[in-house]
Amino acid sequence: AHMDVDFALRALQQLEEGLSDLYDWFADGLTADGEAEALFRRLANEERRHTRLVQYQRRLVRSEPKLEYTLAFDAGAVVDALADVERARSRPEPPDLDGALRSACALEARAAEAHSGLILRAGEPSLAALLTRLSGEDLGHADGLRRLALARGLDPGAWGTGAAGAGGEE
């Protein structure tokens, strides 16, 4: 069971690292808009903090061979979220504000889905607490992105309700 949990946490770590890199890239493209740049820098920093939390949890799992972990892991949700991050980052130039907000809202919804898709059935409560925290913070990120969109006269509507827009387009 330890290998399964480590695999799941490694995939989540890659997702958090990818999001932090993507948000820094978005911020690089929005330097003329101080508020938007600051929002994406803050999100990038929070994703780096998430990466460190997942790394810490991985170390705990590996250092406690006596603990029994049982995890129902839907690798598809994390793999899909990672693919969305890579697709968004593969563009030659960062998107404009509308594209960055759309993409980030969709990606945060995907990340929250990936975190909540890891269901701890038994064993270590700190792992369940971490996943619940990450999912909640991702939903908070999406709310902040939507608030900026509304403040700028954009209509976030159903942004973040699925894969649509994860690459910065409809």
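## Briefing: a five-helix, two-strand chain

Leucine 139 is found in helix 5. This is a predicted model, in which local features need pLDDT of at least 70, side-chain atom pairs count only at pLDDT 80 or more, and totals for chains, interfaces and linings use all residues. Residues are numbered from 1 along each chain as its sequence is written, and side-chain values use heavy atoms, with hydrogens and water left out.

**Overall make-up**

- The chain holds five helices and two strands. Both kinds of element are DSSP runs numbered from the N terminus: H or I of at least four residues for helices, E of at least two for strands.
- Read from the N terminus, the element order is α-α-β-α-α-β-α.
- Of the 170 residues in the chain, 49% are buried. Buried means under 20% relative accessible area, exposed means over 50%, and partly exposed lies in between (1.4 Å probe, protein chains only).
- The exposed area of the chain is about 8,100 Å², with 52% of it supplied by carbon and sulfur atoms. Accessible areas come from the Shrake-Rupley method with a 1.4 Å probe, and for residues only the protein chains shown count as cover.
- Take the contacts between residues at least 6 apart in sequence: 85% of them join residues at least 24 apart. Contact means heavy atoms within 4.5 Å.

**Helix 2 against helix 5**

- The axes of helix 2 (residues 34–63) and helix 5 (residues 125–151) come within 11 Å and cross at roughly 175°. Axes are lines fitted to C-alpha atoms, for helices over the stretch in contact, and angles run from 0 to 180 degrees between N-to-C directions.
- The two helices, helix 2 and helix 5, are therefore roughly antiparallel. Angles under 35 degrees count as roughly parallel, over 145 as roughly antiparallel, 65 to 115 as roughly perpendicular and the rest as oblique.
- Helix 2 contributes residues including Leu39, Phe40, Leu43, Glu47 and His50, while helix 5 contributes, among them, Leu130, Leu134, Asp138 and His141.
- The contact residues split into eleven nonpolar, five polar and seven charged. Ala, Val, Leu, Ile, Met, Phe, Trp, Tyr, Cys and Pro count as nonpolar, Asp, Glu, Lys and Arg as charged, and the others, Gly among them, as polar.

**Glutamate 47**

- Glutamate 47 sits in helix 2 and is buried, at 0% relative accessible area.
- Outside residues up to four places away in sequence, glutamate 47 touches Glu16, Leu19, Ser20, Tyr23, Glu108, Asp138 and His141.
- Its C-alpha atom lies 9.5 Å from that of leucine 134, 87 residues apart along the chain.

**Helix 4 and leucine 101**

- Helix 4 (residues 97–116) should span 28 Å at 1.5 Å a residue, and its end C-alpha atoms are 28 Å apart, which agrees. The expected span is 1.5 Å times one less than the number of residues.
- Helix 4 is mostly covered, with 17 of its 20 residues buried.
- Leucine 101 belongs to helix 4 and is buried at 0% relative accessibility.
- Leucine 101 touches Phe40, Leu145, Leu148, Ala149, Leu154 and Trp159, leaving aside residues up to four places away in sequence.

**Helix 5 and leucine 139**

- The 27 residues of helix 5 should span 39 Å, and the end C-alpha atoms are 39 Å apart, which agrees.
- Leucine 139 is partly exposed, at 46% relative accessible area.
- Leucine 139 and glutamate 108 are 31 residues apart in sequence and 6.6 Å apart, C-alpha to C-alpha.
- Glycine 153, just after helix 5, takes a positive phi of about 80°.
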